[in-house]
Amino acid sequence: CPFNGWGINYYCWHGQDVGVVCGDSDSVQLDVPIRLVGGTTPNIGRVEVQFYGLWGTVCGNYWDIHDATVVCRQLGYNGTVIPLTNAVFGQGTGPIWMDYVGCNGSESSLDRCPFHGWGINDCGHYQDAGVVCQDSVQLDIPLRLVGGSTYNSGRVEVQFYGVWGTVCDDYWDIKDAIVVCRQLGYNGTAIPL
């Protein structure tokens, strides 16, 4: 969508941040947020996923190049990847959300790959999965909904070169809300806030 440019926010303040409520669709999965933690640069680290507001790790059982490719693509990298296991970037804390991930490499997000189910694992954090993403070219600008009362509503945030920021409400309307909801995987209604 056209906009004034990154960081150009004529007379905007966080009281004008936009939000959205997206209509739910049973046939579409939500791309859960992911991040890399513990690396020395933004393109390497332990893979963590956020499920219902709680960050957790991914087990390294059968973690391979296909799984790492999906993670790096979801984060906006499109070069070569290196999958790593055994907590190379340190052991995570909290839940181990995913185990026996079996991507074929074409999925748009890690949660669309087959795995044993949220929180079902036979792992310890000493097996946490990690990746090295070799390229920093953004394919799609990642976005997320934050602070909503449900998983499909909240303040809209976008990630630009690894930094999350908000969107100003100047000229924000239903068309913008529909684009956000579609990018998040919803194909139903959208309510701009």
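Visitor: Which residues is Trp63 in contact with, leaving aside its neighbours within four places in sequence?
Guide: In this predicted model, the partners of Trp63 beyond four places in sequence are Val47, Val58, Ala68, Val71, Pro83, Leu84, Thr85, Val101, Leu110, Ala129, Gly130 and Val131. Each of them is called a contact because heavy atoms lie within 4.5 Å.

Visitor: Which residues of the largest nonpolar core touch the most other members?
Guide: The core has 25 residues, and those that touch the most other members are Val58, Trp63, Val71, Val101, Leu110 and Val131. At least two residues come from each of strand 2, strand 3, helix 1, strand 6 and strand 7. Helix 1 contributes the most, namely four residues. Apart from this core lies another, of 13 residues, including Val18, Leu143, Leu145 and Ala190.

Visitor: What does helix 1 pack against, and which of its residues are buried?
Guide: Helix 1 covers residues 65-74, where Asp67, Ala68, Val70, Val71, Cys72 and Gln74 are buried. These buried residues pack against strand 2 (34-38), strand 3 (44-51), strand 5 (81-84) and strand 7 (130-133).

Visitor: What makes Asp64 a cap of helix 1?
Guide: A side-chain oxygen of Asp64 lies 3.0 Å from the backbone nitrogen of His66, at the N-terminal end of the helix. The cut-off for such a polar contact is 3.5 Å, so the pair qualifies. Just after helix 1, Gly76 takes a positive phi of about 100°.

Visitor: Why is the pairing of Glu48 with Arg35 called a salt bridge?
Guide: The closest N and O atoms of Glu48 and Arg35 are 2.8 Å apart. The limit is 4 Å, so the pair meets the criterion. Glu48 belongs to strand 3 and Arg35 to strand 2, 13 residues apart, and the pair thereby links distant parts of the chain.

Visitor: How do you know whether Glu48 is buried or exposed?
Guide: Its relative accessible area is 5%, and the threshold is under 20%, so Glu48 is buried. Arg35, at 33%, is partly exposed, because that value lies between 20% and 50%.

Visitor: What accessibility do the partners Glu157 and Arg155 have?
Guide: Glu157 is buried at 8%, whereas Arg155 is partly exposed at 31%. Their closest N and O atoms are 2.8 Å apart, and they form a salt bridge.

Visitor: Why do Asp173 and Lys175 count as a salt bridge?
Guide: The N to O distance between their side chains is 3.9 Å, and a salt bridge requires a distance within 4 Å, so this pair is included. Asp173 is partly exposed at 26%; Lys175 is exposed at 57%, because the bound for that word is over 50%. Elsewhere, Arg35, Arg46 and Glu48 are joined into one network by salt bridges that share partners. By this rule the count is five salt bridges.

Visitor: Why is His125 classed as it is, buried or exposed?
Guide: The relative accessibility of His125 is 16%, which is under 20%, so His125 is buried. This residue sits in the loop between strand 6 (96-98) and strand 7. A polar atom of the His125 side chain lies 2.7 Å from the backbone oxygen of Gly94. Beyond its neighbours within four places in sequence, His125 is in contact with Thr57, Ala87, Gln91, Gly92, Thr93, Gly94, Pro95 and Ile96.

Conventions:
Residues numbered from 1 in each chain as written. Predicted model: local features only at pLDDT ≥ 70, side-chain atom pairs only at ≥ 80, totals over all residues. Heavy atoms only, no water. Buried < 20%, exposed > 50% of the residue type's maximum accessible area, 1.4 Å probe, protein only. Polar contact = N/O pair within 3.5 Å; in protein donor to acceptor, adjacent residues only side chain to side chain. Core = buried A, V, L, I, M, F, W, Y, C linked by side-chain atoms within 4.5 Å.
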